[in-house]
Amino acid sequence: SPPPVAALELSSADLQSPRNNKEHHTQEMGLKRLIVRRGQVFTIILNFSRSFQPRTDSLTFVAETGPEPTDILGTRATFLLTQAQHGNVWSASDFTIHLNSLQVSVFTPANAVIGPYTLKIQVSRSQGPSMTYLVGTFILLFNPWNAEDDVYLPSEVLLREYLLMDYGFVYKGHERFVTAWPWNYGQFEDDIIDICFEILNKSLYFLENPSKDYSQRNDVVYVCRVMSAMINSNDDSGVLQGNWGEDYSKGVSPLDWNGSVAILRQWSAQGGQPVQYGQCWVFAAVMCTVMRCLGVPTRVISNFRSAHNMDGNLTVDTYYDRSAEMLPTQRRDKIWNFHVWNECWMIRKDLPPGHNGWQVLDPTPQQTSSGLFCCGPASVKAVKEGEVHLPYDTSFVYAEVNADEVIWLLGDGQTQEILAHNISSIGKEISTKMIGSDQRQNITSSYKYPEGAWGPRDSGGHFLCAASQRDGSQVKTTTQSPPVLTVNPQVTSLSMAVDMAGCGKVDIQGRKEPLGLWTPKPICQLCTRAVTSGQSVQESQWPLLLPYHNYRNRLTDEKLLRVSGIAEVEETGRSMLVVKDISLEPPHLSIEVSERAEVGKALRVHISLTNNQMEPLSNCTMVLEGSGLIDGQISKSLGTLVAGRTLEIQLDLYPIKAGPRQLQVLISSNEVK
């Protein structure tokens, strides 16, 4: 009889990470460990103690993820070695034998749970006892290159921008002065992928039921929704703590961040303690990093004059008194000068047809959804069509871009008059970074029809409108053509052009105040009286000079001033309001780099900062960041820069990775950032 064949033992395994990672578009995350995308094969080599004999040796593969993996929850897959792959199921096939080595193609289904996996094999021979060996570990991500995956995006150009690009711009300011704030997403930095799954494992859903949470991580809608709750810390050990109060002494000002990597690493190093502090653009930029890292095409969206409508009546009320001062209100409705959220690309199998594509996710904690501070995914198409009943939080997003603004005149504690009812002042200049360019793209038409065009506002189909809330006092309204009140920001004056049909004396109250995201604070006031006569149009001007020392300590982070004026026409008793927001120009900062940049070779960087202010900039500091250019950050103290002077800085960087890279330079002082 033939001698017995020795048992088949696994001596080593080669996961071929460099080759597989390149084929799965994950090589930027490194080549030392296996990171693959679902719905796509990867090849491994198993080295045995002898040659594999397919007729008598049996190999069973076991892939597991999560704390208590089971087949029924989809967190454990058991599959035999076969000659050919069949269908959208876990499989090991297309094997080739070379001496004692076995090359195998492993296929993961396009709806598999994402996350870190262990891969084992069970080896047996002719119904004999089996031995189990650990082959290795790998990370499985969403796959927008695969037509069967719910995040499928059939465009290399779009994938290069919305998944592979590790830098970009966030747009801030106000609708007439949009500023680009560069951001280092850094989704491919060494430990970011691990931190992403750390975040999921700190969520309330995981803590409540770990096995169930893991089993739902095959669903991009679920993962996005959990992440939008976890980027803020309102309910959980989320990544960032919000702060809109201007006192950042216990942490870092939101304006001092110019990238996500430092925030995510700090959160992880602190064992999941929220990082202080964030505001909307920081929340959204970190969310973009995390979702791109997990394989979901994502972009950052800025909405200028963004409504926060709490009661669902599609109306935001603001109040002014007769001295043109904007008054605080007990109601939580407000209008942000800008608000930033995310869009993630996905198929929505949970919605009627026609709602695939971009979905709004908003990680800024504005209000709860299903008991947690999260928002979305809400289909952008549903927002445009006014289908506010569709999940998730579509009515809230619809109000952010479509609410009416009603401005009331308040006197003696009562609302006396509607100064303005603006149906088109909310949801302006909705912006994102242009594909393949550093320019800004206006995507307002994705969210709403042009004002005056037919759309859901006119259809009467899908949304409810309620009247503006006020007390029971009488409110004066009229259709008579009003005088015109304007502000000219060049000379910072109130200008009144009065149509003399039925108008006589006009009282003007004006004030100028720094504008933040909440109620402005007054810093100066003027009162004047104008008497006009005759039938022609007349214009009166009252220049308002505002020295820097009047407001230097009152400016909010966004460096905006608001001029407001109220005029009353005595003959009719009617009042009118004018409001103008003015952006203050920051010091001039320029960056120049040498023409050729090579990995590992010195790249000369020239930075110049000109103080165009009337006063010195004290305690200046510089922080440089840029994935692929710098490992982490470079910080440097610059001292004081006197008025009118220019500071020149030269330094050499040694790039780490090839490809397009962005260098961010953030210069902060006690006065400006």
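Q: In which strand is Asp94 found?
A: In this predicted model, Asp94 is not a glycine and yet has a positive phi of about 50 degrees. Most residues other than glycine have a negative phi. The place of this aspartate in the chain is strand 6.

Q: Is Asp94 buried, partly exposed or exposed?
A: The relative accessibility of Asp94 is 43%. Buried would require a value under 20% and exposed a value over 50%, so Asp94, at 43%, counts as partly exposed.

Q: Where is Asp393, whose phi is near 65 degrees, found?
A: Asp393 is a residue other than glycine, and its phi has a positive value, near 65 degrees. The elements on either side of Asp393 are helix 9 (380-385) and helix 10 (394-402), and Asp393 is in the loop between helix 9 and helix 10.

Q: How many residues apart in sequence are the parts that the pair of Phe52 and Phe95 ties together?
A: By the ring-pair rule the count comes to 17 aromatic pairs, and one of them is formed by Phe52 and Phe95, edge-to-face, at 6.1 Å centre to centre with 85 degrees between the planes. Phe52 lies in the loop between strand 3 (41-48) and strand 4 (57-64), whereas Phe95 lies in strand 6 (residues 91-98), so the parts that the pair ties together are apart in sequence by 43 residues.

Q: What is the relative accessible area of Phe95, and what is that of Phe52?
A: The cut-off for buried is under 20% relative accessible area, and both rings of the edge-to-face pair belong to buried residues. Phe95 is buried with a relative accessible area of 14%, and Phe52 is buried with a relative accessible area of 4%.

Q: Is the aromatic pair of Phe61 and Phe79 stacked or edge-to-face?
A: Phe61 is buried, with a relative accessible area of 0%, and Phe79 counts as buried at 5% relative accessibility. Phe61 lies in strand 4 and Phe79 in strand 5 (residues 76-80), so the pair ties together parts that are 18 residues apart in sequence. The ring centres are 5.7 Å apart and the planes differ by 10 degrees; planes under 30 degrees apart count as stacked, and this pair is stacked.

Q: Which ring has the charged end of Arg217 over it?
A: A charge sits over a ring only if it is within 6 Å of the ring centre and within 35 degrees of the ring normal. The charged end of Arg217 is 3.9 Å from the centre of the ring in question, which is that of Tyr214.

Q: How many residues join strand 10 to strand 11 in the hairpin?
A: Strand 10 (residues 167-174) and strand 11 (residues 177-184) run antiparallel and are joined by 8 bridges. Within this pairing, Lys172 stands opposite Thr179 in strand 11. The hairpin that joins strand 10 to strand 11 does so through 2 residues.

Q: Which helix gives the most to the largest nonpolar core?
A: The largest nonpolar core has 63 residues, and those with the most contacts inside it are Trp183, Trp281, Met291 and Leu294. The element that gives the most to this core, with 13 residues, is helix 8 (residues 280-294).

Q: How many disulfides does the count come to?
A: A disulfide requires a pair of cysteine sulfur atoms within 2.5 Å, and the count comes to 0 disulfides. Cys196 is buried, with a relative accessible area of 1%, and its nearest cysteine sulfur, that of Cys293, is 3.8 Å away. For Cys288, which is in no disulfide, the nearest cysteine sulfur is that of Cys344, 7.9 Å away. The count of disulfides is thus 0.

Q: Which strands stand at the edges of the open sheet of 6 strands?
A: The open sheet has the order 19-18-17-14-22-23, with antiparallel pairing. Each edge strand has a single partner strand, so one side of each is left without a neighbour in the sheet, and the strands at the edges are strand 19 (378-379) and strand 23 (440-442).

Q: Where is Pro377, which follows Gly376 across a cis peptide bond, found?
A: Most peptide bonds are trans. The bond from Gly376 to Pro377 is cis, with omega near 0 degrees. Strand 18 (residues 357-361) and strand 19 pair in the antiparallel sense over 2 bridges, and Pro377 is found in the loop between strand 18 and strand 19.

Definitions and conventions. Residues numbered from 1 in each chain as written. Predicted model: local features only at pLDDT ≥ 70, side-chain atom pairs only at ≥ 80, totals over all residues. Heavy atoms only, no water. Phe/Tyr/Trp six-rings, centres within 6.5 Å; stacked < 30°, edge-to-face > 60°. Helix = DSSP H or I, 4+ residues; strand = E, 2+ residues; numbered from the N terminus. Buried < 20%, exposed > 50% of the residue type's maximum accessible area, 1.4 Å probe, protein only. Pairing = 2+ DSSP bridges. Core = buried A, V, L, I, M, F, W, Y, C linked by side-chain atoms within 4.5 Å.
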